[in-house]
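Biologist: Before we begin, I should like to learn how the features of a model such as this one are to be read. Please give the general idea each time, and then the case at hand.

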Amino acid sequence: MSFRRAFGAAWLLLFLLCGAWAMATPVSGAPDEPSHLIKAASVVRGQLVGEPSDLGHVVQVPRWIAATEGKPCFAHDPEVSAACTDPPKGDPSAIIDGATTAGLYNPLYYAIVGWPSLLAQDESGIYAMRLVSAAASTAFLAVGFALVCGWRRPGIPLLGVAIVITPMILFLGGTVNPNSLEIAGVFAAFVAMLDIVLHPNSNRLGSRAAIVLVSAAVAVNTRGLSPLWVAVALLSPLVLATSGQLASLLRRTSIRVAIAGVAVSTALALIWIRGSGSLAAGIDSPSENIVFERVGESPFSGFLTTLEQTLSLGQGMIGVFGWLDTPAPDIVYFAWSVAVGGAVLAALVLLRGRHLAIVLLLLACVIVVPALIQAAYITGGGFIWQGRYTLPAFVCLVIAIGAALADRIPQFGGPSIRRLALVALAVWAVGHSYSFLFALKRFGVGTDRTWGDLVLRPEWVPPGGVLLWPSVFVATVTVTAGLMVWLVSRAGDRADAAPEGTRTAQLTPPPAPRRRRWRPA
């Protein structure tokens, strides 16, 4: 499949999945979304920061946007449906004060997603902002997917892409939150860097360098920690390159342009972070999250606590919906835990040399780096880390494992990988569908009610009805799983059809030719 076809198919399918989440989630039904909505509406009206106050930064936005301020009535109580919310009173288009705890954040993401608020006069504009955010995030996810489809041995890496696309990533992609664009941009940048290092091709180098530049430039300007994750995505693949390969790359004009562009973008991001103090103000909207505890404890306590909670924080990478009050079903956690744990175990057992080094480096970024960040933050801000903050490093780790295993066992194909893909992606589709339906039930009637209540007696109904978006989601995720099974199987068939000598030559170098002794005639 060509890059354009793979990108187009992936973008459409991923956008439909995130779009279904966007429509099935009530207004302000995602963590910190009110602050991000108000920030986006203010940025497109020329207010990048606002005036500081006890509630955050005060900006002037339309009443229908300002009405979302604060936590909704159903936040942190999964047994309460979203029907408890009241419509705003007064002229919805009147410009009034609104407070946002995201006032110090980099305005790039908000400028991208905020423009629908200039056209709408009610909450339909909020759904439109979500869809714009979904389109931007899924575009970068689709770029990474299309690049992987073009690799020499894409079968195992494509399964890695499926693991990477967790229910949490689709949920965030359907809300107004810069976390989604950060994750997607880091994913695209990392895959493009891997492509440059592992599959050198002068004809494709310019386009891959352009992808690195655009995705990294966008991702680095999304959140306070984004420069760290972009650095991980761009530098870790260099572990796989030899010194000669690095020198050759640095001589290419496209690489130099990409380096310069990323450097400028990173400098702008750091200038904003330093000037605004956004990183010191909090990793993410503290006044709207669960009250942070353990303020004043020692850095060692923060480091040790984060390490101890690695597995529970991992749930936040798989799926915790609403205001982090609705965990995904246990079977979903089990399925992703088996997949991720199996991939990591296979990597530790089978990989050697540079391939093992990059996996260990990224594994440390997933486990140790969050603990170090929490250690630096706990004394002044308490325990603030959430699993979703680690998702940029997580996507790099899983894709690196897939790429490394594909190089290590290139002969893995045929019926074996077809069966693996069929089972794994069937479980993947069921896990996503169950997570979506479970979250919709939480919003529609609460977690303590029955599925029959959701269908026959819903308290909150999303636009289009209670059955429309589940139908769209289940149908789309089924088509997506089928497409990936076909792509993985086709890749396995290519590997299985390769001559035996060809596959062996990929693992061991051919013997040196014997030299003939010259004899005079």
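Biologist: Over which residues, among them 282, does pLDDT stay under 50, and how many contacts beyond four places in sequence does the model have for them?

Modeller: This is a predicted model, in which local features need pLDDT of at least 70 and side-chain atom pairs count only at pLDDT 80 or more, while totals for chains, interfaces and linings use all residues. Residues are numbered from 1 along each chain as its sequence is written, and side-chain values use heavy atoms, with hydrogens and water left out. pLDDT is the predictor's confidence in each residue, from 0 to 100. Where it is low, the predicted coordinates should not be read in detail. The stretch you ask about is residues 282–290, for which the model has 41 contacts beyond four places in sequence, a contact being heavy atoms within 4.5 Å. Residues 498–511 also stay under 50, with nine such contacts.

Biologist: What does the protein chain average in pLDDT, and which elements have the lowest and the highest mean?

Modeller: The average is 90, and 91% of the residues score at least 70. Elements are DSSP runs numbered from the N terminus: helices are H or I with at least four residues, strands E with at least two. Helix α22 (residues 500–507) has the lowest mean, 36, and helix α7 (residues 167–173) the highest, 98.

Biologist: How much space lies in the largest pocket, and which residues lie nearest its centre?

Modeller: On a 1 Å grid over the protein atoms alone, a pocket is an open set of points where a 1.4 Å probe fits, with protein on both sides within 12 Å along at least five of seven lines; lining residues have an atom within 4 Å of a point. Grid points are joined across faces, edges and corners, and the volume is the space filled by probe spheres set on the points. Here that space is about 630 Å³. The lining has 25 residues, and Leu 159, Ile 163, Ala 339, Leu 420 and Ala 424 lie nearest the centre. Helices α6, α16, α18 and α19 each supply at least two lining residues, and α16 gives the most, with eight.

Biologist: How do the lining residues divide by polarity?

Modeller: Ala, Val, Leu, Ile, Met, Phe, Trp, Tyr, Cys and Pro count as nonpolar, Asp, Glu, Lys and Arg as charged, and the others, Gly among them, as polar. The lining has 22 nonpolar residues, three polar and no charged.

Biologist: Why is α6 described as largely enclosed by the rest of the structure?

Modeller: Buried means under 20% relative accessible area, exposed over 50%, and partly exposed in between (1.4 Å probe, protein chains only). Helix α6 is largely enclosed because ten of its ten residues are buried, including Gly 155, Leu 159 and Ile 163.

Biologist: Where is Asn 106 placed, and what does its side chain reach?

Modeller: Asn 106 is in the loop between β3 (95–100) and α4 (108–113), and it is buried at 12%. A polar contact is a pair of N or O atoms within 3.5 Å; within protein, one must be able to donate a hydrogen and the other to accept it, and residues adjacent in sequence count only if both atoms are side-chain atoms. The side chain of Asn 106 reaches the backbone nitrogen of Leu 108 at 3.0 Å and makes a polar contact with the side chain of Asn 221 (3.0 Å).
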